[in-house]
Every structure is written in C-alpha cells, then in structure tokens.
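Me: I have a model open on my screen and would like to understand the labels attached to it. Could you go through them with me?

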Amino acid sequence: MITATLTAAAPRGGPSPSRDYEYVLEVDNVRKAFPGVVALDNVSLRIRPGSVHALMGENGAGKSTLMKIISGLYQPDSGEVRLRGETVSLSSPLVAQQAGIAMIHQELLLMNPMTVAENIWIRREPRNRFGFIDHTAMYQQTEALLKRLKINLDPDAEISDLSMASRQMVEIAKAVSLNADVLIMDESTSSITETEVEHLFAIIRDLRASGIGIVYITHKMNELYEIADEFTVFRDGKYVGTHAASDISRDRVIQMMVGREITQMFPKESVEIGEVVLKADGLTLDGVFRDVSFELRAGEILGFAGLVGSGRSNVAETLFGVTPATGGTITLDGHERVISSAYKAIRHGMAMLTEDRKETGCFLPLDIQENMQIAAIHEGYCRNGIVDAAQLEADCHAICQKLRVKTPDMHECIENLSGGNQQKVLICRWLLTKPRILILDEPTRGIDVGAKAEIHRLIVELARQGVAIIMISSELPEVLGMSDRIVVMHEGKVTGIVNAAMADQTTIMSLAAH
C-alpha cells in the first residue's frame with residue numbers, strides 16, 4: 001500500500017537508507033551506433049542520489065538514446081553502466097525497472113482504451129486470493145497515490161478521454177509508483193501549463209528529498225536554473241561537460257549546446273500586413289468552444305494563447321476541417337467556405353502542424369521523404385498522373401538541409417529520429433505545399449534552443465513572403481516575442497485580442513485566467 005510513503009510498493013523496496021556509493025548511477029564511455037550514424041560517442045554521466053541532474057543538448061545530441069540505454073530499451077555497443085556502485089546489464093525495460101530505474105518518456109506510452117488505474121499498475125496489478133485482478137484494491141491504491149501527489153484525476157477515467165496534460169500526470173504517477181532509485185524525466189513539462197509545472201516541480205523536490213536521483217531532460221533554460229542541481233551537456237553524440245547549475249550563465253550553456261552563440265531568440269520583424277485572408281465569425285463547436293471571432297491578414301503572425309483546455313487547438317482543428325464547426329462561418333479571401341475535411345483545407349491553401357506529432361503527425365513506419373511528400377505529392381508535383389520524383393526528392397532534401405534535420409539520408413525511418421527532428425520533418429512537410437495560411441500548434445515543443453531560433457527565423461521569413469500565420473504556443477515569451485496580435489482564450493471563449501507590442505505576460509495570463 002502507499003499510505004505511509006510517497007511511493008507505492010515496488011519489487012525492490014525503494015532507495016537505500018544507507019549508502020556506500022557517491023553516485024546512484026554512473027555511465028562510462030558508452031557508445032551506440034545505428035546504420036549511418038553514431039548516436040553516442042563514448043559519453044559519460046554521473047548522477048548523485050538526492051539530486052536533480054539536467055541533461056542538455058540539441059535535438060540529435062544523443063540524450064534520449066542514452067536514456068533508452070539506461071532504461072533497458074537499447075543495448076550499448078560498448079561502455080559500462082553502474083547502479084549503486086555495481087556494474088549492471090540492463091537487458092530490457094523490465095530488468096531496468098526491477099533494478100530501480102523508472103523513465104517518463106517524451107512520447108507518452110499509455111494505453112488509450114484502458115483506465116488511469118490500469119495504466120499505472122499494468123503488469124503489477126494487485127491480485128485477490130484466487131489470482132484474479134483485485135479492481136477494488138487497484139482503485140484504492142491509485143486514489144491514494146494520486147491524492148498523495150495532489151493529482152486530481154479519477155482512477156476509472158479512460159486515458160483516451162484525458163487531455164495531454166492529464167496524460168502526462170498519469171505517466172508521472174506511474175513512474176513514482178515504481179519506487180525507483182533513479183527517475184528519468186524526458187521533456188516532462190512540454191504538454192502542461194505553468195501551474196502544472198509548479199505542481200510537477202513540487203513533486204520533484206519531494207522525490208529529491210527522499211534520496212532519489214533524477215535525470216531531467218529539458219530544452220527550457222529557465223527550468224535548468226529553477227530545478228536542477230547539476231547539468232551535463234551533450235553535442236553531436238559527444239560529452240561536452242558537467243557543471244553546477246549555479247556556476248554558469250545561460251549564454252554559456254547555450255554555447256556549450258550548439259557550439260555557437262544564439263544572438264536573437266525572437267527575431268520578429270515589422271513586415272507589410274496585407275488584406276484579410278481568413279475570417280472566423282461566431283465559430284462554434286458544440287461542447288468545446290463557442291462564438292470565436294477574429295481576422296487573419298497576409299503577412300501577419302496571429303498568436304493564440306490560453307491555458308491547456310482553453311480550446312486553442314480545437315479552434316485550429318476546426319479551421320483545418322479536422323472537426324468541422326457546428327456553428328458560425330469561415331471566410332477565405334472574401335468568400336464563405338465550408339471546410340469539412342483537411343483535404344479541402346489543403347486545396348484552399350491551408351496547412352497545419354498539429355500539437356501531437358506522434359498521434360496526429362508522423363507516419364512512424366514510413367521514412368523521412370515519405371512523411372514529407374504525403375501532403376504535397378498531388379498538388380505541385382503531379383502532372384497528368386505522373387509524379388516528378390526527381391524534383392520532389394530534390395525539394396525534400398533542400399528543405400531538410402534548411403531546417404538542419406539530423407539524419408543519415410532521406411530514407412531513414414522517421415521513428416528513428418529524435419522528437420525534435422521529427423518535428424522539423426513535419427514542418428518541412430507543410431512547407432512543401434507552399435501554403436498561404438499556415439497554422440502552427442506548438443511549433444517548438446520538444447525543440448532545442450538552437451532549432452527554436454531557426455524555426456522562429458523561418459516563421460518571420462514566411463510572414464515576409466506574405467504567408468498568414470496562426471501560432472499557438474504555451475510559452476508566453478514565444479507568443480509575445482513572435483506575434484503581431486494575440487488571441488487569448490479561456491474555457492472555449494475569446495477573452496481578448498491584444499496587440500503583442502502593447503502586452504506583457506501579466507496581461508496575457510489575466511485574460512487566460514479570466
């Protein structure tokens with residue numbers, strides 16, 4: 001049971017009360033190669049018990065690969081892993097869990113048809129005296145765990161009915177329930193609000209105080225200084241250095257990560273704003289949002305802000321025909337249109353980068369070029385039923401180079417790329433369609449600081465070319481730094497449309513909280 005401690009009972013019994021080791025986890029000279037690329041080139045990492053150790057680096061630096069080795073998903077080609085001072089062979093995720101290692105993956109690994117309780121205790125369900133799953137006991141244990149973590153969820157709620165933020169909290173509860181010595185958190189704040197981040201950090205501080213060593217992967221500089229004791233930087237699969245978080249500046253950390261200075265994170269320029277290309281008037285989706293009205297002009301970057309659950313992404317999906325409106329009108333270039341499918345939206349010159357690249361973006365079994373060309377192949381590259389394959393491949397390669405997608409070649413399976421590089425491929429997909437209206441839902445989620453600056457410059461360049469852009473972001477500095485105007489939503493309604501140059505974070509949060 002879990003009433004006496006922060007975590008639930010686990011196979012090994014939790015952090016040791018007395019230790020004769022300095023590091024709970026040590027990685028020495030680990031190497032891992034995939035066809036055509038060396039993901040890790042003799043890297044090292046040391047995690048102290050009772051500390052938060054941030055692992056930093058650009059997308060493709062090798063962070064997630066190393067974490068998959070530590071959690072038993074991958075096997076190293078060479079090198080050594082030591083746990084509590086002893087060399088270990090982590091041959092599978094189950095072996096790693098039993099050894100005291102838990103991981104919260106960047107791409108959530110939950111079973112949608114199952115409940116919160118079933119996901120938390122999968123393969124560890126309490127049993128009755130007949131050997132059957134004791135659902136009452138499982139509910140009670142889940143309820144106690146969620147209460148202890150101050151997570152307000154129903155243990156019987158189905159995962160498919162939860163928001164991304166709530167699913168993230170389920171993953172956190174599941175990891176905590178394993179009672180591990182080492183907890184790996186990969187981009188755990190990418191899908192949650194500022195309030196939920198504060199909640200998560202409170203949980204992390206409690207876990208740190210109990211002696212757990214936490215590996216915290218993040219691209220957010222402010223989180224490094226707020227939660228981490230130490231940090232290690234990887235670059236291009238190599239170890240760069242380890243420092244105390246209090247001993248080094250933000251600019252120096254960025255330079256270690258990217259090997260160059262990032263001079264301007266938000267390179268917003270004043271560009272000529274043209275005519276209205278899209279107008280929403282009283283747009284409504286029953287039970288989700290209502291009476292949403294705004295205008296979008298050529299060359300404008302229109303930011304959308306609001307807390308998770310405010311309806312920002314739902315409005316974007318309705319504009320793109322994923323969930324057709326139940327009321328109101330959409331006008332394109334002065335003509336009222338009924339956009340009942342994504343196909344129709346594309347034919348009208350629209351493109352949309354979705355919030356969840358795994359669920360609604362990537363075709364994971366396909367390669368990079370197949371993922372990129374899928375939206376454009378019938379539009380600009382097909383004549384009389386014949387595809388201009390040479391031109392298509394050349395354009396795919398050129399745009400991948402422009403966004404610095406790290407891959408051995410265009411035929412690498414997209415599933416083998418880091419999350420950030422997958423995101424870049426999806427942006428490439430929509431740029432190939434040459435859209436007039438581009439909807440970007442969390443375009444820099446899970447993207448490293450160098451790539452963020454590149455994508456921001458690309459957004460400005462597109463605006464300069466006259467593309468009308470809707471940008472949804474949970475990061476207020478990004479919304480304020482990149483937008484011309486900002487639409488703020490709260491519980492399905494627009495609470496304000498403000499000029500970004502005249503607004504600040506307090507203004508936006510006041511409207512978002514209504």
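Reply: Happy to; we will take the labels one at a time, bearing in mind that this is a predicted model.

Me: What makes the chain count as a compact globule in its radius of gyration?

Reply: With 514 residues, a compact globule would be expected to have a radius near 24 Å, and the chain has 24 Å, so the two agree. For a picture of its extent, the C-alpha trace spans about 70 × 50 × 50 Å along the principal axes. Within that trace there are 17 helices and 22 strands.

Me: Where do the domains lie along the chain?

Reply: Domain 1 covers 25–261 and domain 2 covers 275–512. Their centres, taken over C-alpha atoms, are separated by 29 Å. In the contact, domain 1 takes part with 26 residues and domain 2 with 24 residues. The two domains bury about 2000 Å² between them, with 50% of it on carbon and sulfur atoms.

Me: Why is the pair Lys-406 and Asp-236 called a salt bridge?

Reply: The closest N and O atoms of Lys-406 and Asp-236 are 3.2 Å apart. The rule asks for a side-chain nitrogen of Lys or Arg within 4 Å of a carboxyl oxygen of Asp or Glu, so this pair qualifies. Across the interface of domain 1 and domain 2 the rule finds 1 salt bridge, and there is also 1 residue pair in polar contact across that interface.

Me: Which helices supply at least two residues each to the side of domain 1 that touches domain 2?

Reply: Those are α5 (164–177) and α8 (250–258). The largest share, 3 residues, comes from α8. Sorted by class, that side of domain 1 has 9 nonpolar, 11 polar and 6 charged residues.

Me: How do you know that Glu-26 and Arg-82 form a salt bridge?

Reply: Their closest N and O atoms are 3.1 Å apart; the cut-off is 4 Å, so the pair counts as a salt bridge. By this rule the count comes to 21 salt bridges.

Me: What makes Glu-26 and Arg-82 a link between distant parts of the chain?

Reply: Glu-26 sits in strand β1 (residues 25–34) and Arg-82 in strand β4 (residues 78–83), with the two 56 residues apart.

Definitions and conventions: Residues numbered from 1 in each chain as written. Predicted model: local features only at pLDDT ≥ 70, side-chain atom pairs only at ≥ 80, totals over all residues. Heavy atoms only, no water. Domains from an automatic or database assignment. Contact = heavy atoms within 4.5 Å. Buried area = accessible area lost by both parts, 1.4 Å probe. Polar contact = N/O pair within 3.5 Å; in protein donor to acceptor, adjacent residues only side chain to side chain. Helix = DSSP H or I, 4+ residues; strand = E, 2+ residues; numbered from the N terminus. Nonpolar A, V, L, I, M, F, W, Y, C, P; charged D, E, K, R; others polar. Rg over C-alpha atoms; globule rule 2.2 N^0.38 Å.
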